[in-house]
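Trainee: I am new to this structure. Could we go through the terms one by one?

Mentor: Gladly. Ask how each label is earned.

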Amino acid sequence: MEEDVETRKINSSFLRDHSYATEADIISTVEFNHTGELLATGDKGGRVVIFQREQESKNQPHRRGEYNVYSTFQSHEPEFDYLKSLEIEEKINKIRWLPQQNAAYFLLSTNDKTVKLWKVSERDKRPEGYNLKDEDGRLRDPSMITTLRVPVLRPMDLMVEATPRRVFANAHTYHINSISVNSDYETYMSADDLRINLWNFEITNQSFNIVDIKPANMEELTEVITAAEFHPHHCNTFVYSSSKGTIRLCDMRTSALCDRHAKFFEEPEDPSNRSFFSEIISSISDVKFSHSGRYIMTRDYLTVKVWDLNMENRPIETYQVHDYLRSKLCSLYENDCIFDKFECVWNGSDSVIMTGSYNNFFRMFDRNTKRDVTLEASRENSKPRAILKPRKVCVGGKRRKDEISVDSLDFSKKILHTAWHPSENIIAVAATNNLYIFQDKVN
């Protein structure tokens, strides 16, 4: 494997280290922008931290690729819904970047109920010499003003400002699990357990309900929406996944309410594998279109599957993420780990896919060579320029010295959120409260 998945020699760097971590420091989402120059993380404390990539300098060419903190701001605050006596957490569930149109950057961030559009901009000049104000900003006495001054711009230290431009609220009864920006860049959607809403970026007080799976009688509820995403090129098409392990592709041209899907992707269950946990582990925790728009990738508890949009009856590829946990499902159910929601990502060319596991392991699968590798994000191998060694998990009796036994895996260390640079072999991996950046070794 050392030679195949695009991780032959991976250099590592280590960001956002909280030695004394609190619950609020746990990273809940990671997202590169469209150029890969910026990387945003959201955490359970409602904060967004943006990292910027260092520019290459002639003196230190090897520093290219390192990410440093660019901006930190509080995106969401804890709230209380007095009508329902419910606390609304500040935790950031998802971040999505908009393509850059000018010098400023725009991103969407959401907690359980409210989506916000943020503008992140730089300021390195300040105006001086106002007529009606003094240098401290206090209003001057008009009777004392005897001359007309022309304000001038003076250089100042670079300041990065984050300002909320829009707040999209009061449209979701249930918790928002996904937001996705449409390829028309005029609209986006937000999905909760039972409904998906379509928003226009300019209109905050109104959204269109495009999917509603809420039954008339809630006792008849059999499935919930787990993730949703727009097609990367066709603005009328989107997919959403369900807790029953199914994926529905919808076309907004057919009707305003997409209660009838255009395509329905489901793999028939093997009766011999049926168990008490079958339904829980078949729930899809993430769905992603490939960059080409031809394939969909889904992650359930034990596997990653790749589906061709033209074939609905079964996936074209299935990758086992941690099949050695099949015998451990009972204890994973008791400690609630079986309900963990792992995400999955494509690399820039759709040839390699990545997803997380336990013990701070993450997995990569090369779709062309069918080889895979298990890597670990940990303090020990996070020294700059350290090279990651593949890890192996053994089941049963004999264990080689470089293997780790399935019984000694740490289930409190889990990698749920990962991101891949849109064009280069740079990945970001969130391990609880720490963010790791790994990249292909530059010779």
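Trainee: In what order do the four strands of the open sheet with strands 12 to 15 stand, and what is the pairing?

Mentor: This is a predicted model. The order is 12-13-14-15, and the pairing is antiparallel.

Trainee: What makes strand 12 and strand 15 edge strands?

Mentor: Strand 12 (176–181) and strand 15 (208–212) each have a single partner strand, so one side of each has no neighbour in the sheet. Neighbouring strands of this sheet are turned by 20° against each other on average, direction ignored.

Trainee: How do you know that strand 14 and strand 15 pair?

Mentor: Pairing takes at least two bridges between two strands. Strand 14 (residues 195–200) and strand 15 have four, in the antiparallel sense. Therefore they count as a pair. R195 stands opposite D212 in strand 15.

Trainee: What holds paired strands together in general?

Mentor: Strands of a sheet pair through backbone hydrogen bonds, either parallel or antiparallel.

Trainee: Which strands form the open sheet that starts at strand 20?

Mentor: Four strands, in the order 20-21-22-23, with antiparallel pairing. Strand 20 (286–289) and strand 23 (317–320) are the edge strands; each pairs on one side only. From one strand to the next, the twist averages 15°.

Trainee: How do you know that strand 22 and strand 23 pair?

Mentor: Set the count against the cut-off. At least two bridges are needed; strand 22 (residues 303–308) and strand 23 have four, again antiparallel. V304 faces Y319 of strand 23.

Trainee: Why is H172 called buried?

Mentor: Buried means under 20% relative accessible area. H172 has 8%, so the label fits. H172 lies in the loop between strand 11 (152–168) and strand 12.

Trainee: How far apart are H172 and C394?

Mentor: They are 222 residues apart in sequence. In space the C-alpha atoms are 45 Å apart.

Trainee: Why is F276 called exposed?

Mentor: Exposed means over 50%. F276 has a relative accessible area of 61%, so F276 counts as exposed. Its place is the loop between strand 19 (263–265) and helix 1 (278–282).

Trainee: Which residues form a nonpolar surface patch with F276?

Mentor: Y333 and F339. Together the three residues have about 340 Å² of accessible area. Nonpolar side chains are joined into a patch within 5 Å.

Trainee: What makes strand 2 mostly covered?

Mentor: Count its buried residues. Strand 2 (residues 27–32) has six residues, and five of them are buried.

Trainee: How do you know that strand 2 pairs with strand 3?

Mentor: The cut-off is at least two bridges. Strand 2 and strand 3 (residues 38–43) have five, in the antiparallel sense. T29 stands opposite G42 in strand 3. The two strands form a hairpin, with five residues between them. In the turn, G36 has a positive phi of about 85°.

Trainee: Now the whole protein. How many helices and strands are there?

Mentor: Two helices and 32 strands. Of the 443 residues, 50% are buried.

Trainee: How do you know whether the radius of gyration agrees with a compact globule?

Mentor: Compare two values. For 443 residues, a compact globule would have a radius of gyration near 22 Å. The protein has 24 Å, which agrees. Along its principal axes, the C-alpha trace spans about 90 × 60 × 40 Å.

Notes:
Residues numbered from 1 in each chain as written. Predicted model: local features only at pLDDT ≥ 70, side-chain atom pairs only at ≥ 80, totals over all residues. Heavy atoms only, no water. Patch = residues over 30% accessible without salt bridge, like charges linked within 9 Å, V, L, I, M, F, W, Y side chains within 5 Å. Areas by Shrake-Rupley, 256 points an atom, 1.4 Å probe, with all protein chains shown as cover. Salt bridge = Lys/Arg side-chain N within 4 Å of Asp/Glu carboxyl O. Buried < 20%, exposed > 50% of the residue type's maximum accessible area, 1.4 Å probe, protein only. Axes fitted to C-alpha atoms, helices over the stretch in contact; angles between N-to-C directions. Rg over C-alpha atoms; globule rule 2.2 N^0.38 Å.
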